[in-house]
Amino acid sequence: MQLETCSSLLRLCIYPILESPLSWDEQQLQTHLDSMAAAIDERLAGKPAVLVGIESGGAWIAEALNQKLGTALPLGTLNPAFYRDDFDTRGLKATVTPSKLPFDIDGQHIVLVDDVLMTGRTIRAAMNELFDFGRPASITLVVLFDIGHRELPIRADICGETLALPPHQRVELRGPAPLVAEIRDTMA
């Protein structure tokens, strides 16, 4: 019992769960993006890297982060729709845009960006697709929101905000400009 308490406390210290607002305006998201960009700059510490945003919200976040980094990085987009293991139950969007990676993946330090980390399935699919393009030196996962509900053991290296949402709520990002987000109820 005591070990479980310590583990819970440690997790809260690393990834604090915040009392979540119902929405975030552009200025609030820009504050998150500022701190996330600083964390990326610190983590990369001069290593050559590329930035890859997951369509569509992750691509918007990647583009916004790239403008805030100390040095802009080569930017690409990834659409892992065909790599998902649950697309037969989720379905595909009517328009699936192709991935655009205008650089070589082999040996690159990849900064993979998504808007919301929930189950981990999108990130797993994105990593599978990246490895079809080549073998990266490393992958750093950056997300704007982490809402838990993991089905796979995937965690963000850099996260704007960790939320504790019940299973029937999601964070929805709208953009690309202005970027705003809100919590929506999937039961409504």
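Reader: In which helix does E129 lie?
Author: This is a predicted model. Its residue E129 sits in a helix that covers residues 121-133. That helix is α5.

Reader: Which side chain of opposite charge is nearest to E129, and how far away is it?
Author: E129 is buried, yet it has no salt bridge. A salt bridge needs a nitrogen and an oxygen within 4 Å. The nearest side chain of opposite charge belongs to R124, at a distance of 10 Å.

Reader: Which residues does E129 touch, not counting residues up to four places away in sequence?
Author: Neighbours up to four places away in sequence are left out here. The remaining contacts of E129 are L78, N79, P80, Y83 and S99.

Reader: What is the order of the strands in the open sheet of three strands?
Author: The pairing in this open sheet is antiparallel. Strands of a sheet pair through backbone hydrogen bonds. The edge strands, each pairing on one side only, are β2 and β8. The order is therefore β2-β9-β8.

Reader: How many bridges join β2 to β9?
Author: Strand β2 covers residues 23-24, and strand β9 covers residues 180-185. They run antiparallel. In one of the bridges, W24 of β2 has A181 of β9 as its partner. The number of bridges between β2 and β9 is two.

Reader: How many bridges join β8 to β9?
Author: Strand β8 takes in residues 169-174. V171 has I183 in β9 as its bridge partner. β8 and β9 run antiparallel, and the number of bridges joining them is six.

Reader: How many residues lie between β8 and β9 in their hairpin?
Author: β8 and β9 are antiparallel. Together they form a hairpin, and the number of residues between them is five.

Reader: How many aromatic pairs does a search of the whole structure find?
Author: The search covers the whole structure. A pair of aromatic rings is described by the distance of the centres and the angle of the planes. The number of aromatic pairs found is one.

Reader: What are the distance and the angle between W24 and F145?
Author: W24 and F145 form the aromatic pair, and its geometry is tilted. Centre to centre, the distance is 4.6 Å, and the angle between the planes is 55°.

Reader: How many residues apart in sequence are the parts that W24 and F145 tie together?
Author: W24 lies in strand β2. F145 lies in strand β6, which covers residues 138-146. The pair therefore ties together parts whose separation in sequence is 121 residues.

Reader: Is W24 buried or exposed?
Author: Buried means under 20% relative accessible area. The relative accessibility of W24 is 3%. So W24 counts as buried.

Reader: Is F145 buried or exposed?
Author: The cut-off for buried is again under 20%. F145 has a relative accessibility of 1%. So F145 counts as buried.

Reader: With which side chain does the side chain of S138 make a polar contact?
Author: S138 is in strand β6. Its relative accessibility is 26%, so it counts as partly exposed. Leaving out residues up to four places away in sequence, S138 touches Q108, H109 and I110. The polar contact, at 2.7 Å, is with the side chain of H109.

Reader: How far apart in space are S138 and A49?
Author: In sequence, S138 and A49 are 89 residues apart. In space, C-alpha to C-alpha, their distance is 9.3 Å.

Reader: How many salt bridges does a search of the whole structure find?
Author: Side chains of opposite charge can pair when their charged atoms come close. Across the whole structure, the number of salt bridges found is eight.

Reader: With which residue does D157 form a salt bridge?
Author: D157 counts as partly exposed because its relative accessibility is 25%. Its partner is exposed, with a relative accessible area of 51%. The closest N and O atoms are 3.4 Å apart, and the partner is R155.

Reader: How far apart are the closest N and O atoms of E172 and R184?
Author: E172 is partly exposed, at 27% relative accessible area. R184 is partly exposed too, at 36%. The pair links distant parts of the chain, with E172 in β8 and R184 in β9, 12 residues apart. In their salt bridge, the closest N and O atoms are separated by 2.7 Å.

Reader: Which residues do salt bridges that share partners join into one network?
Author: E172 forms a salt bridge with R184. E172 also forms one with R174, where the closest N and O atoms are 4.0 Å apart. Through shared partners, the network joins E172, R174, E182 and R184.

How values were computed
Residues numbered from 1 in each chain as written. Predicted model: local features only at pLDDT ≥ 70, side-chain atom pairs only at ≥ 80, totals over all residues. Heavy atoms only, no water. Pairing = 2+ DSSP bridges. Helix = DSSP H or I, 4+ residues; strand = E, 2+ residues; numbered from the N terminus. Buried < 20%, exposed > 50% of the residue type's maximum accessible area, 1.4 Å probe, protein only. Lys, Arg positive; Asp, Glu negative; His and termini not counted. Contact = heavy atoms within 4.5 Å. Phe/Tyr/Trp six-rings, centres within 6.5 Å; stacked < 30°, edge-to-face > 60°. Polar contact = N/O pair within 3.5 Å; in protein donor to acceptor, adjacent residues only side chain to side chain.
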